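Hi,

Here is the structure I promised to pass on. Have a look at it first, and my notes on what turned up are underneath.

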Amino acid sequence: MQAYKTHQKQLFHKLFGGIDDHTLEQIFKIGRQIELQTGDYLFHQGERENVLYIVLSGRLRALIESEGEYRILGDIGEGEPVGEFALFTNEPRMASVLAIRKSVVLEFNQAEYQILVGKNPALATSLTNFVIQRLRRNTFQQNKSTPPKNIAIINLQPDNDLSPWTVDMEKYFSEKNTPIQIYDHTSGDHQNDQELFDSLEQHEGLNILVCDQENKDWSHQCLVYADLVIVATEFDAEPSLYQIEEDLNLYTHNILNKKVYLLLLHRENADRPKNTAKWLNNREINLHIHIRQNNQADVRRFCRILSNQAVGIVLGGGGAKGYAHLGVVRALLEEGIEIDFLGGTSAGAIYGISMSYVDFESKRIQEISEDSVKRKLTSNDFALPLLSIMTGKKVKKFLKDIYGDSHLEDLWINSYCVSTNFSKASPKIHTTGLMWKQVMASMAIPGIFPPVVIDKYLHVDGAVMDNLPIEPMYRYPVANIIAVSLSGLPDRKVEFTESPASWTLLWDKLTGKRKYRLPGIASIMINSLTLNSLQKQESTKSKVSHYFELNLKGFGFMDDKKWRQIQQKGYNQTMDYIENLPVEDKFWL
């Protein structure tokens with residue numbers, strides 16, 4: 001009983017701040033507890049009722065329904081209020097809310113709420129502050145979801161021992177002072193299974209429920225109580241659907257569906273994965289995760305993903321200035337910031353995906369950079385200018401030589417790049433497919449390089465639509481996003497009233513007078529194509545944890561020969577940025 005009381009006190013502390021036992025008793029005396037079974041609606045969209053709910057246990061889901069279809073807004077975990085807007089505004093419910101597993105809520109109507117705050121005025125202030133902070137959340141914060149509490153791990157192979165991974169998980173969460181309990185089908189031998197499942201809610205921390213084919217009843221129960229489902233398999237095993245996956249209907253579309261992650265287990269020091277697609281073809285999953293045995297960096301990444309504490313980095317476009325990304329990432333890694341997800345556009349795609357491809361191995365990154373400069377990828381590659389100025393053949397060969405037949409889904413760290421679907425006039429987020437082709441599409445500058453054909457559509461540079469693709473990172477369970485911009489919007493004025501003729505410009509350069517300081521044709525074309533994207537980029541600054549806008553003045557779009565200086569600039573500026581951060585903003589410490 002004391003443990004239950006302590007747990008409830010901690011829940012209300014999350015919402016109201018400090019709370020004493022007397023106030024806690026008043027809350028429970030005035031409010032009414034309501035139990036919800038899986039699939040029960042707490043309320044429906046459009047209903048009118050001045051009622052506030054607080055989730056005591058379980059997990060709810062908010063969704064908008066329209067003409068028989070629905071859109072999931074997000075999940076609501078314990079300690080969070082539900083329906084507070086209707087309590088204050090008397091307006092109809094904007095969404096429906098239902099339980100996705102057995103849940104308990106505490107209900108207050110308007111009169112009861114007034115009685116409660118009359119006895120404890122500070123509670124009204126705390127709840128109002130909570131609502132205000134919720135309204136002030138930016139797009140990134142609104143996409144953050146409550147971390148899972150109960151996680152079901154479904155072991156596909158009976159002879160696959162998961163204990164090496166679960167032991168590493170226990171160690172990680174213990175070091176983070178997060179209690180963790182791990183159960184399997186034998187855990188209920190000393191008590192009724194129902195009692196065991198009911199007791200999970202009182203545990204402060206994570207509950208890991210290990211399931212297998214041989215104990216179907218246990219596995220079904222685990223799924224009912226789970227917030228997240230992880231399908232674990234040896235990577236080299238048979239990839240076809242297993243009986244347990246079919247028995248549990250893991251991949252059917254339903255509003256009660258839990259998120260499903262596919263955990264691909266590799267042997268120690270395994271080579272880079274190949275043909276990951278064989279595991280994805282027949283499964284509707286939210287995320288796949290590669291992890292190597294005894295690789296502590298992989299374990300930490302996996303645990304951060306499980307607890308919605310992952311770190312994502314987004315890299316913007318900018319031609320040769322993209323070498324600065326290499327310096328930025330080197331500085332982040334030296335400071336102890338581990339990257340769990342990576343995304344990029346154009347230059348951010350090629351440099352970011354390349355770093356991810358070599359697993360951030362510094363020596364290999366430098367070798368690739370030197371090779372790209374030696375090959376002079378933009379020299380002697382001119383085409384008959386009907387579709388583009390350059391053929392793109394040198395870039396294509398370079399990318400093929402680096403990545404071979406690897407696909408994006410084969411990367412140890414989940415990474416994406418963005419192109420523009422020219423035919424649909426919309427951004428395309430690439431998370432799967434031939435690596436060289438997706439990256440080439442992301443950097444296919446219109447007029448400079450020819451479009452890339454993917455799935456029978458023409459694709460051009462992602463910077464046309466989104467030069468710093470932050471929003472795609474919201475789909476991952478990240479707590480912190482670092483965005484790196486290479487191309488701000490400088491306020492430049494010229495000292496002449498008309499653009500000079502071409503011969504005047506040529507003579508100005510030959511004589512060295514430098515009266516006319518104008519960007520080159522490539523720079524004008526590229527920046528003109530991306531002006532709208534750059535404006536959008538300006539509006540996204542507040543939507544990430546940290547926004548690095550590098551000052552790369554003096555470096556041109558085609559300055560490949562200065563790659564070392566550009567890289568060092570990125571490194572130095574990142575180190576300066578980190579050094580000047582307040583300690584409370586250093587989330588990695």
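Leu315 has its bridge partner in strand S16, namely Gly344. That contact belongs to the pairing of S15 (residues 310–315) with S16, which is parallel and runs over four bridges. To get from S15 to S16 the chain goes through helix H13 (residues 323–334), and the resulting β-α-β crossover is right-handed. Bear in mind throughout that this is a predicted model.

S16 has a second parallel neighbour: strand S17 (residues 414–421) pairs with S16 over five bridges. There, Gly343 is the residue that stands opposite Tyr416 of S17.

So how many of the residues in S16 are buried? The answer is five of five, for a strand that covers residues 341–345. As you know, side chains in a regular strand alternate between the two faces of the sheet. In S16, Phe341, Gly343 and Thr345 point one way, while Leu342 and Gly344 point the other way, and all of them are buried.

Now step past the end of that strand. Ser346 sits in the loop that links S16 to helix H14 (347–357). Is Ser346 buried or exposed? Its relative accessibility is 7%, so Ser346 counts as buried, the cut-off being under 20%.

Ser346 also shows up in the UniProt record: the "active site" annotation there, from an unreviewed entry, covers Ser346 and Asp461. The two span 116 residues in sequence, yet their C-alpha atoms are no more than 6.1 Å apart, so they gather at one spot. Please keep in mind that an annotation of this kind may be inferred rather than shown by experiment.

On to the empty space. Searching the whole structure for cavities of 30 Å³ or more gives one, and the largest cavity holds about 40 Å³ of space. Which residues line the largest cavity? They are Ile153, Leu162, Trp165, Thr166, Met169, Ala232, Leu263, Leu265 and Phe302. By type, that lining divides into eight nonpolar residues and one polar, with no charged residue.

Two elements each supply at least two residues of this lining, helix H7 (163–175) and strand S13 (259–266). H7 gives the most, with three residues.

If you open the model, I'd begin at S16, with S15 and S17 as its parallel partners, then go on to Ser346 in the loop before H14, and leave the cavity lining for last.

Cheers

Note on methods:
Residues numbered from 1 in each chain as written. Predicted model: local features only at pLDDT ≥ 70, side-chain atom pairs only at ≥ 80, totals over all residues. Heavy atoms only, no water. 1 Å grid on protein atoms, 1.4 Å probe; cavity = no way out; pocket = protein on both sides within 12 Å on 5 of 7 lines; lining within 4 Å. Points joined across faces, edges and corners; volume = space filled by probe spheres on them. Nonpolar A, V, L, I, M, F, W, Y, C, P; charged D, E, K, R; others polar. Buried < 20%, exposed > 50% of the residue type's maximum accessible area, 1.4 Å probe, protein only. Pairing = 2+ DSSP bridges. Right-handed = clockwise from strand over helix to strand, strands pointing away.
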